[in-house]
Amino acid sequence: SVAQGYLEEIYKRKPRYMRDQLQAIEKSVSEVTEKAANQALAYCVKHQLYRAADFANAVHHYMEKASHQAVSATQSELKMLVQVDDAKLKAKPQIRAFQTYERILGGG
């Protein structure tokens, strides 16, 4: 898998610090969504960033990006809810003569 290859590359480069690297990566992954972790992994592999700190930075970036997108989506949904056609706001209810109501109620 991509993750296994990534960890093996870290081990090749920093065998003495592998335990620290694994703990840091595990901490990064435990606090984020699977999507952000996968995006970070793909980014690090593509750019040959084989350090836990680089991985953590990438994870943080993708979590921030997802958060901003979620906020933008919520704001646009709220705008759609709040937006009301001006014509509807200016519309006046139809006013009927009192005799009309008397007829409807059977009084006339």
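This passage describes the nonpolar core, helix H3, the aromatic pairs, the loop between H3 and H4, and the salt bridges of a predicted model.

The largest nonpolar core contains 14 residues. Those that touch the most other members are Tyr6, Ile10, Ile25, Ala40, Cys44 and Phe55. Two or more residues of this core come from each of helix H1 (2-13), helix H2 (18-30), helix H3 (34-46) and helix H4 (52-82). The greatest contribution is that of H4, which supplies five residues. In soluble globular proteins, nonpolar side chains tend to be buried together. Within the core, Ala40 touches Phe55, Ala58, Val59 and Tyr62, when residues up to four places away in sequence are not counted.

Helix H3, to which several of these residues belong, was examined separately. H3 has 13 residues, and the distance from its first C-alpha to its last is 18 Å, close to the 18 Å expected at 1.5 Å a residue. The buried residues of H3 are Ala36, Ala37, Ala40, Leu41 and Cys44. Viewed down the axis of H3, these buried residues fall within an arc of 135°, so they line one face of the helix. Glu34, Lys35 and Lys46 are exposed and sit on the face of H3 turned away from its buried side.

Three aromatic pairs were counted. In one of them, the ring centres of Tyr6 and Phe55 are 6.1 Å apart and the planes lie at 40°; the pair is therefore tilted, since this angle falls neither under 30 degrees nor over 60. Tyr6 belongs to helix H1 and Phe55 to helix H4, with these positions 49 residues apart along the chain, so that the pair links distant parts of the chain. Tyr6 has a relative accessible area of 3% and is buried. Phe55 is likewise buried, with a relative accessible area of 4%. In another pair, the rings of Tyr43 and Tyr62 have centres 6.4 Å apart and planes at 70°, and the pair is edge-to-face because the angle is over 60 degrees. This pair also links distant parts of the chain, with Tyr43 in helix H3 and Tyr62 in helix H4, 19 residues apart. Tyr43 counts as partly exposed, at 35% relative accessibility, whereas Tyr62 is buried, with a relative accessible area of 15%. Ring pairs also join Tyr6, Tyr50 and Phe55 into a cluster.

Tyr50, a member of that cluster, lies in the loop between H3 and H4. At 13% relative accessibility, Tyr50 counts as buried, because the value is under 20%. Not counting residues up to four places away in sequence, Tyr50 touches Tyr6, Glu9, Ile10, Arg13, Lys14 and Val45. The C-alpha atoms of Tyr50 and Gln21 are separated by 9.6 Å, although these positions lie 29 residues apart along the chain. The loop between H3 and H4 also holds Gln48. Most residues other than glycine have a negative phi. Gln48, in contrast, has a positive phi, near 55°. Gln48 counts as exposed, at 55% relative accessibility.

Four salt bridges were found in a search of the whole structure. One joins the side chains of Glu9 and Lys12, at 3.9 Å from N to O. Glu9 and Lys12 are three residues apart in helix H1, and are therefore separated by about one helical turn. Glu9 is partly exposed, with a relative accessible area of 21%, and Lys12 is exposed, with a relative accessible area of 63%. Glu9 and Lys12 are linked with Arg13 in a network of salt bridges. Arg13 and Glu9 are also among the residues touched by Tyr50.

Another salt bridge joins the side chains of Lys27 and Glu31, at 3.3 Å from N to O. Both residues count as exposed, Lys27 at 52% relative accessibility and Glu31 at 54%. The side chains of Arg51 and Asp54 also meet in a salt bridge, at 3.0 Å from N to O. In this bridge Arg51 is partly exposed, with a relative accessible area of 39%, whereas Asp54 counts as buried at 16% relative accessibility.

Note on methods:
Residues are numbered from 1 along each chain as its sequence is written. This is a predicted model: local features need pLDDT of at least 70, side-chain atom pairs count only at pLDDT 80 or more; totals for chains, interfaces and linings use all residues. Side-chain values use heavy atoms; hydrogens and water are left out. A nonpolar core is a set of buried Ala, Val, Leu, Ile, Met, Phe, Trp, Tyr and Cys residues joined through side-chain atoms within 4.5 Å. Buried means under 20% relative accessible area, exposed over 50%, partly exposed in between (1.4 Å probe, protein chains only). Helices (H or I, at least four residues) and strands (E, at least two) are DSSP runs, numbered from the N terminus. Contact means heavy atoms within 4.5 Å. The expected span of a helix is 1.5 Å times one less than its number of residues. The arc is that of the directions from the helix axis to the C-beta atoms. Rings of Phe, Tyr and Trp (its six-membered ring) pair if their centres lie within 6.5 Å; planes under 30 degrees apart count as stacked, over 60 as edge-to-face and the rest as tilted.
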